[in-house]
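Please walk me through this structure step by step, in running prose that a first-year student can follow.

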Amino acid sequence: MVEVLKPGLYATIQDKGRFGFQAYGVPYAGVMDPYAASVANMLVGNDEDAAVLEMTMTGATLQFHSAAIICLSGADMSPMLNGHPIENHKALRVEKDSVLSFGGLKRGFRCYLAVSGGFETEKTMTSRSQFKGVTNQSVIAKGDVLPIMAQVKGMLQKHASIKINDAYMDANTIEVFKGPEFDKLSREQQTQLLTQVFTVSKDNNRMAYQLEQPLENDLDPIITSLVLPGTVQLTPSGHLIVLMRDCQTTGGYPRVLQLKESAMRTMAQKFTGNKVCFKWL
Amino acid sequence: MTSMTYHLTYKRFGEGAILIEWPAMIDEHILKDVLRFKAAIIKKDIKVIVDVKHAYNSLLIVYHTVCRNFENEVNTLESIYKTTDSKYDSLSILWKIPVCYDEAFGIDLEAMSKEKNLSKEAIIKRHSQAVYTVYFIGFLPGFLYLGGLDDTLHMPRKSTPRLKIAQGAVAIGGHQTGVYPIESPGGWNIIGNSPIDYFNPKNKVPCFAKAGDHIRFKPISMKEYNDIKVLSAAGVYQIESEVWHG
């Protein structure tokens with residue numbers, strides 16, 4: 001078990017998400033950066049979609065009530081075990097009563113903690129991904145005790161030689177496809193969309209990232225239609241909104257672009273003030 | 001009658017999905033056709049399809065990781081559309097949803113009454129007499145997209161959304177009316193509150209209504225509201241319903 005001494009800014013338990021419930025208006029949810037989460041999981045010998053802790057901007061302070069094998073991936077938040085610096089992408093054994101804490105954010109925005117066995121918090125509609133109104137708890141809080149699945153022995157070395165390429169974290173190019181309403185844009189709007197450097201606004205979270213530089217927008221809203229994580233919507237004010245994992249199932253703004261699945265992880269590691277540009281596939 | 005089919009467009013939606021669109025309008029015949037096609041695709045149980053979801057005039061087919069050959073998949077879908085039985089015989093239920101229009105809940109009734117030059121009683125009457133069609137569930141878990149709001153009750157969304165709208169709030173936004181299933185921010189005009197559960201993730205069927213069902217709002221007093229709230233919280237309130245033969 002892991003006790004939350006401090007939750008950090010915003011941390012949630014996530015797995016690959018909730019599929020098959022969109023008809024009830026339930027978002028997919030799931031890890032924002034599936035690559036980092038699966039790397040951390042594999043390095044501790046878990047299935048790649050075992051539940052992990054997703055920490056945003058500032059890390060949590062956690063105390064282990066039993067020994068465990070852990071691994072971090074994604075953002076570098078200057079992790080420390082009992083006050084001594086440790087590294088991402090290194091599975092290590094933590095003894096009972098150890099404290100995992102974090103310092104300053106050095107790189108990226110979202111850090112994943114995997115523990116061998118995986119977190120065993122409440123499962124609702126086939127998933128442990130926390131989401132308001134679906135799971136009882138929507139974020140982790142001080143004093144929470146997070147259960148861990150029974151550990152599998154001798155798995156520490158299993159993926160020790162896994163090749164990690166996290167260059168995506170520093171990329172600012174977001175690969176995209178045309179969205180369903182892309183062709184309704186004028187030539188000028190299309191060109192701007194694909195050449196402009198956009199800044200991530202302060203309105204960014206697990207539901208969506210709003211971008212700062214507005215486009216001229218004279219498109220009418222559409223009849224409420226379907227969206228997916230990675231859909232880029234053009235709002236009446238001309239701002240672009242990139243939908244992320246917790247996005248609504250439907251939306252009424254024109255859908256001008258759709259992110260390549262692998263671009264989602266790059267986007268998920270961006271935060272307020274970061275620059276991105278869209279690149280045609 | 002010969003089978004009614006529409007000219008559909010098929011668009012790629014990213015690397016892993018195909019969007020199918022009907023003519024751009026909100027129409028019950030289109031809804032039936034969307035649901036008929038959706039049911040036929042689900043029935044085929046195609047392995048690479050992980051999710052099929054619909055809205056007013058569209059259907060989104062989500063493939064496992066990537067949709068490998070767009071043309072092939074479209075051909076498959078087109079043939080399903082053409083060969084499916086033209087009738088869609090899913091039982092439609094008419095749900096009678098209790099709503100308390102007391103001003104303790106209907107915080108925008110007064111403003112709306114002035115704006116529309118209609119008495120509050122007239123607004124309540126028109127809102128509760130109509131039969132609404134459930135087109136789909138979206139926006140929030142358990143939020144029903146309803147068609148059929150009386151033209152005279154159309155009311156623009158508020159220019160500044162409220163940060164908190166109570167669970168169960170019954171509201172009007174533009175041409176639409178709906179019920180907030182959980183507390184949420186929102187810009188619609190609040191005219192009442194409904195004491196029942198719209199979404200319960202613990203239930204086998206998390207929402208009582210499904211696309212294609214119908215709804216009528218039934219005005220109740222504050223006393224009835226409180227009683228139903230208690231029963232609903234205990235999980236023993238039965239929503240009145242009947243088979244709809246529209």
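In this predicted model, strand S13 of chain A is joined to strand S14 of chain A by a hairpin that passes through 3 residues. The two strands, S13(A) and S14(A), the latter made of residues 208-211, run antiparallel and are held in register by 2 bridges; within this pairing, Asn204(A) has Tyr209(A) of S14(A) as its bridge partner. Strand S13(A), which covers residues 198-204, also pairs in the antiparallel sense with strand S20(A), residues 275-280, again over 2 bridges. In that second pairing, Phe198(A) stands opposite Val276(A) of S20(A).

Another part of chain A holds an open sheet, in which 6 strands with antiparallel pairing follow the order S7-S6-S9-S4-S1-S11. At its edges stand strand S7(A), residues 84-85, and strand S11(A), residues 145-146, and since each has a single partner strand, one side of each is left without a neighbour in the sheet. For S7(A), the pairing with S6(A), residues 79-81, is antiparallel and consists of 2 bridges, with Leu81(A) having His84(A) in S7(A) as its bridge partner.

Stepping back to the whole of chain A, one counts 3 helices and 20 strands. The chain has a radius of gyration of 19 Å, close to the 19 Å that the globule rule gives for 281 residues, and it is therefore as compact as a globular protein of that length. Its C-alpha atoms fill a box of roughly 60 × 35 × 30 Å when this is taken along the principal axes. Of the 281 residues in chain A, 50% count as buried, and among the contacts between residues at least 6 apart in sequence, 76% join residues that are at least 24 apart.

Chain B offers a helix to examine. Helix H1(B) runs over residues 28-44, and because each residue should add 1.5 Å, its 17 residues should span 24 Å, which agrees with the 24 Å between its end C-alpha atoms. Which residues of H1(B) are buried? They are Leu31(B), Asp33(B), Val34(B), Arg36(B), Phe37(B) and Lys38(B). These buried residues of H1(B) pack against several elements of chain B, namely strand S3 (49-54), strand S4 (58-63), helix H2 (70-83) and strand S6 (132-137). Just after H1(B), the backbone reaches Asp45(B), which takes a positive phi of about 50°.

Technical notes. Residues are numbered from 1 along each chain as its sequence is written. Chains are lettered from A and ligands numbered from 1 in the order in which they are written. This is a predicted model: local features need pLDDT of at least 70, side-chain atom pairs count only at pLDDT 80 or more; totals for chains, interfaces and linings use all residues. Helices (H or I, at least four residues) and strands (E, at least two) are DSSP runs, numbered from the N terminus. The radius of gyration is taken over C-alpha atoms; the globule rule is 2.2 Å times the number of residues to the power 0.38. A residue is buried if 20 or more other C-beta atoms lie within 10 Å of its own, exposed if 12 or fewer, and partly exposed in between; C-beta atoms are placed from the backbone. Two residues are in contact if their C-beta atoms, placed from the backbone, lie within 7 Å. Two strands pair if DSSP finds at least two bridges between them. The expected span of a helix is 1.5 Å times one less than its number of residues.
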